Amino acid sequence: MREVREWTAHAERIVRKRRDPVVVQTLRSATAATIAYVIALRLSPEPAPLTAPLTALLVVQVTLYATLTNGFRRVNAVVTGVLVAIAFSLLVGLTWWSLALLLVASLAVGRLVRVEEYVPEVAISAMLVLGVTTVGDTAWARVVETLIGASVGLACNLLLSPPVWVEEAGQSIDGLARRLRQLMLRMGEAAAGGTPVDRAEKQLHEARRLDHDIVEVDAALRQAEDSLRLNPRVQDSVLHRVVMRTGLDTLEICTVVLRVLARSLTDLAKKREPEPLFEAETGAALEQLLSEIADAVVSFAVLVTTHLSASAESAEERLAAELRTAAGTRDKLALLLREEAERDPGHWQLPGAVLTEVDRILDELDTEHRTRRLFEELDRVSREQRARMPRLTRLRERLGVTEQMWRNRAGFDGRSP
């Protein structure tokens, strides 16, 4: 039995490794580069056509969208560099001053033809071609090898479908929500137990460090968004992207408000030291409220990362129930804070700020607020698409793929797709 469990765990690790971005990128790039080299050996006059595997290596990306955009820009950069080198070879030879002029001209032309991050590739191609004697043959060979590498790189992503990184992005969002939950629980315990200033400051620094987590989650979400673009295996890719992006925006706002809440508790601890932050009943109510909000944050993350309608409906019902419970506790806390402010009118601003910040988090997690935000974002994306690609928009409308279908598939109750 133990051997079966070990074998199962080993198999699960292998499956996870197969979807790891580093492993996927390594295998796909190596495969594309090797195939490009074999083809170039037959079609290029060069004895070692390394430009083809180099191009394939740079063109192949984890997502199909990135491969298409990078392939076009790289081919454009190489061809531009070759043309610049041919023009220079007809006028001057290879000297130190002609090389300097060539670099300046290549980099300037690269900016004009909008190859973006491949601007240095224009200069590299020009130098490699200008540095040989048979400029015409080498230029032609380099163009051919570049086209071979770009074509093979694109074919690899078309034939070997790139992974969709939605699940990984969802795990990142869920991890961020759970870190928020743990911090809220600790802040609640500290508020109920009487927080010394150094402990409150430590929690404030921890809240500030969550900004780094948001950057990492944003990077994972951008990769997922790229993997959905132009991917034939994904339906409603725009809706998937908008649901997860708006979900991350909400968690980011909650993180900012939580940082402000931690600052208010720190300032309150400084004002009341060595006294506790709140009276016993008020501290217990705040601890209970933060615990309920913490659970709601996790439920919200589950909602925005769930793509099956039945599971999304269950997650939304759980979130709505937790928010109703938190709203009742919030009203209780408001009464207790008002009573404390009446007994200690000199420090009423900070307890009032605590209540205001709690209200902001509850408002951001509200399902109606999220539905309104989701549809606003869908409207914005739809308008941008119509303005950027009017012909494609008209084609979609003829095929029946309209904004209203997005809305119907999302559901007016705010469920994720």
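What follows is a friendly exchange about how some labels in this predicted model are justified.

Me: To set the scene, how many helices and strands are there in the protein chain?

Reply: The protein chain has 16 helices and zero strands. Buried residues account for 47% of its 417 residues.

Me: Why is the pair Asp-295 and Arg-181 called a salt bridge?

Reply: The closest N and O atoms of Asp-295 and Arg-181 are 3.0 Å apart. The cut-off for a side-chain nitrogen of Arg and a carboxyl oxygen of Asp is within 4 Å, so the pair qualifies. The structure holds 13 salt bridges.

Me: What makes Asp-295 and Arg-181 a link between distant parts of the chain?

Reply: Asp-295 sits in helix H11 (residues 280–304) and Arg-181 in helix H8 (residues 166–193), and the two are 114 residues apart.

Me: Are Asp-295 and Arg-181 buried or exposed, and how do you know?

Reply: Neither word fits, because buried means under 20% and exposed means over 50%. Asp-295 has a relative accessible area of 27%, so it is partly exposed. Arg-181 has 25%, so Arg-181 is partly exposed too.

Me: How do you know that Asp-267 and Arg-263 form a salt bridge, and where do they lie?

Reply: Their closest N and O atoms are 3.2 Å apart, and the limit is 4 Å, so the name applies. Both residues lie in helix H10 (residues 237–272), four residues apart, or about one turn of the helix. Asp-267, at 22% relative accessible area, is partly exposed, and so is Arg-263, at 41%.

Me: What makes Arg-330 and Asp-359 a tie between parts of the chain?

Reply: Their side chains meet in a salt bridge at 2.7 Å, N to O. Arg-330 belongs to helix H12 (residues 309–343) and Asp-359 to helix H13 (residues 349–365), so the pair ties together parts that are 29 residues apart in sequence. Asp-359 is partly exposed, with a relative accessible area of 27%.

Me: Why is Glu-340 called buried?

Reply: Glu-340 has 5% relative accessibility, and buried means under 20%, so the label holds. This residue is in helix H12.

Me: What makes the approach of Glu-340 to Glu-279 a polar contact?

Reply: The side chain of Glu-340 reaches the backbone nitrogen of Glu-279 at 2.9 Å. A polar contact needs N or O atoms within 3.5 Å, with one able to donate a hydrogen and the other to accept it, so this pair passes. Leaving aside neighbours within four places in sequence, Glu-340 is in contact with Arg-272, Phe-278, Glu-279 and Thr-282.

Me: Which residues touch the most other members of the largest nonpolar core?

Reply: Ile-293 and Leu-365 do, in a core of 68 residues. The elements that give two or more residues to this core are H8, helix H9 (197–228), H10, H11, H12, H13 and helix H14 (367–388). H10 gives the most, with 13 residues.

Me: Which residues does Leu-365 touch, apart from those up to four places away in sequence?

Reply: Leu-365 touches Thr-250, Cys-254, Ile-293, Ala-296, Val-297, Phe-300, Leu-319 and Leu-323. As general background, nonpolar side chains tend to be buried together in soluble globular proteins.

Technical notes:
Residues numbered from 1 in each chain as written. Predicted model: local features only at pLDDT ≥ 70, side-chain atom pairs only at ≥ 80, totals over all residues. Heavy atoms only, no water. Buried < 20%, exposed > 50% of the residue type's maximum accessible area, 1.4 Å probe, protein only. Core = buried A, V, L, I, M, F, W, Y, C linked by side-chain atoms within 4.5 Å. Contact = heavy atoms within 4.5 Å.
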